[in-house]
Amino acid sequence: MSTYVYGIAAGSHPSLPEELAGVGDPPRPLRTVTGGGLTAIVSDAPEGLRPKRRDLLAHQTVLGEAGAGGSVLPMRFGSLAPDDDAVAQVLDERADHYRERLTALDGRVEYNVKASHDEEAVLHRVMSENPDLRALAESNRRSGGGSYEDKLRLGEMVAQAVQRLEATDAGEVRRQLEPAAEAVSPGPESTGWLANVSFLVPRDASARFVEAVEEVRKNNPHLELRVNGPLPPYSFVEPGPAEPAATPTGTVAAEE
């Protein structure tokens, strides 16, 4: 049976509450694996694990309870290793890296910000800022809507202007929030978002970061911002400098 890895802590990390359990139905009992002076919080991995709300919450709860006792490097939902021995081996091989991360991420949380355009507002802005677009739209209107080619040309010009604004706004969201964070980690690109960025923030500076987000929102009414946090700093647990023979960071797809 595979081993499910929740997080990695210092060897001196206090024990977890006895009543705390992990993912699965029934929830799997937690245990620890040691190596390299570190402790990994693990359980047996349920067969057919999927990112259901119950299991996502269990994963998050384990990390929250463990984090209350000291710095913990969070593994993403679905992180698996072949067995406990493989986990111990990786702890030994990456001990220096994990210790550095434990120190760097102590007292830090992650905020993920996704940005998209309000379609109506961004169209209004594109038209108001581009005299050529306005002229072509007005010409089409005066000629009863314009020819098929005129309409196609207008549509292409609008699409290109929106794409340029998406690129500009993606950079602006990051630039305006970066000063309120200690580190930034771009997330994977996906349709529906012009920006997907995670920010590492000291826990005691969370209010300042949220205020910065609100300032961006207020100054850019054509943007829709979705903020998720505070989260364990998943995006800032970097892989080790060397590829081990086995790794506890294999990840299954998780639904957010």
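A residue counts as buried when its relative accessible area is under 20%, as exposed when that area is over 50%, and as partly exposed in between. Keep those cut-offs in mind as we walk through this predicted model, starting with a residue that falls clearly on one side of them. D55 has a relative accessibility of 4%, so D55 is buried. Its salt-bridge partner is R54, with N and O 3.5 Å apart. R54 has a relative accessible area of 43%, which means that R54 is partly exposed. This pair therefore joins a buried acid to a partly exposed arginine.

Let's stay with the charged side chains for a moment. Side chains of opposite charge can pair when their charged atoms come close. The structure holds 14 salt bridges, and a good one to find next is R31 with D44, where the closest N and O atoms are 3.0 Å apart. This salt bridge links distant parts of the chain: R31 sits in strand β2 (residues 31-35) and D44 in strand β3 (residues 38-44), with their positions 13 residues apart in the numbering. Where do R31 and D44 stand on the accessibility scale? R31 comes out at 28%, so R31 is partly exposed, and D44, at 29%, is partly exposed as well.

Further along the chain, E178 and R174 form another salt bridge, and the closest N and O atoms are 3.6 Å apart. E178 has a relative accessible area of 34% and is partly exposed; R174, at 31%, is partly exposed too. Salt bridges can also share partners, and that is how D25, R54 and D55 are joined into one network.

Now turn to the nonpolar interior. The largest nonpolar core has 22 residues, and V113, V173, L177, F199, V201, F209 and L225 touch the most other members. Which elements supply at least two residues each to this core? They are the strands β6 (108-117), β8 (195-202) and β9 (223-231), together with the helices α6 (148-177) and α7 (206-219). L225 is a handy place to centre your view: leaving aside residues up to four places away in sequence, L225 touches V113, K114, A115, V173, V213, V216 and R217. There is also a second, separate core of 21 residues, with V33, A81, L91 and A95 among its members.

Aromatic rings are our last stop. A pair of aromatic rings is described by the distance of the centres and the angle of the planes. The structure holds 4 aromatic pairs. In one of them, Y4 and F77 have ring centres 6.1 Å apart and planes at 70°, so this pair is edge-to-face. Y4 belongs to strand β1 (residues 3-10), whereas F77 lies in the loop between β4 (72-74) and β5 (80-81), so the pair links parts of the chain 73 residues apart. Both Y4 and F77 are buried.

For another geometry, look at F199 and F209, whose rings form a tilted pair with 5.3 Å from centre to centre and 45° between the planes. F199 is in strand β8 and F209 in helix α7, 10 residues apart. F199 has a relative accessible area of 0%, so F199 is buried, and F209 is likewise buried at 0%. You have already met F199 and F209 among the core residues that touch the most other members. Finally, return to Y4 and F77: along with Y6, they form one aromatic cluster.

Technical notes. Residues are numbered from 1 along each chain as its sequence is written. This is a predicted model: local features need pLDDT of at least 70, side-chain atom pairs count only at pLDDT 80 or more; totals for chains, interfaces and linings use all residues. Side-chain values use heavy atoms; hydrogens and water are left out. A salt bridge is a side-chain nitrogen of Lys or Arg within 4 Å of a carboxyl oxygen of Asp or Glu. Helices (H or I, at least four residues) and strands (E, at least two) are DSSP runs, numbered from the N terminus. Buried means under 20% relative accessible area, exposed over 50%, partly exposed in between (1.4 Å probe, protein chains only). A nonpolar core is a set of buried Ala, Val, Leu, Ile, Met, Phe, Trp, Tyr and Cys residues joined through side-chain atoms within 4.5 Å. Contact means heavy atoms within 4.5 Å. Rings of Phe, Tyr and Trp (its six-membered ring) pair if their centres lie within 6.5 Å; planes under 30 degrees apart count as stacked, over 60 as edge-to-face and the rest as tilted.
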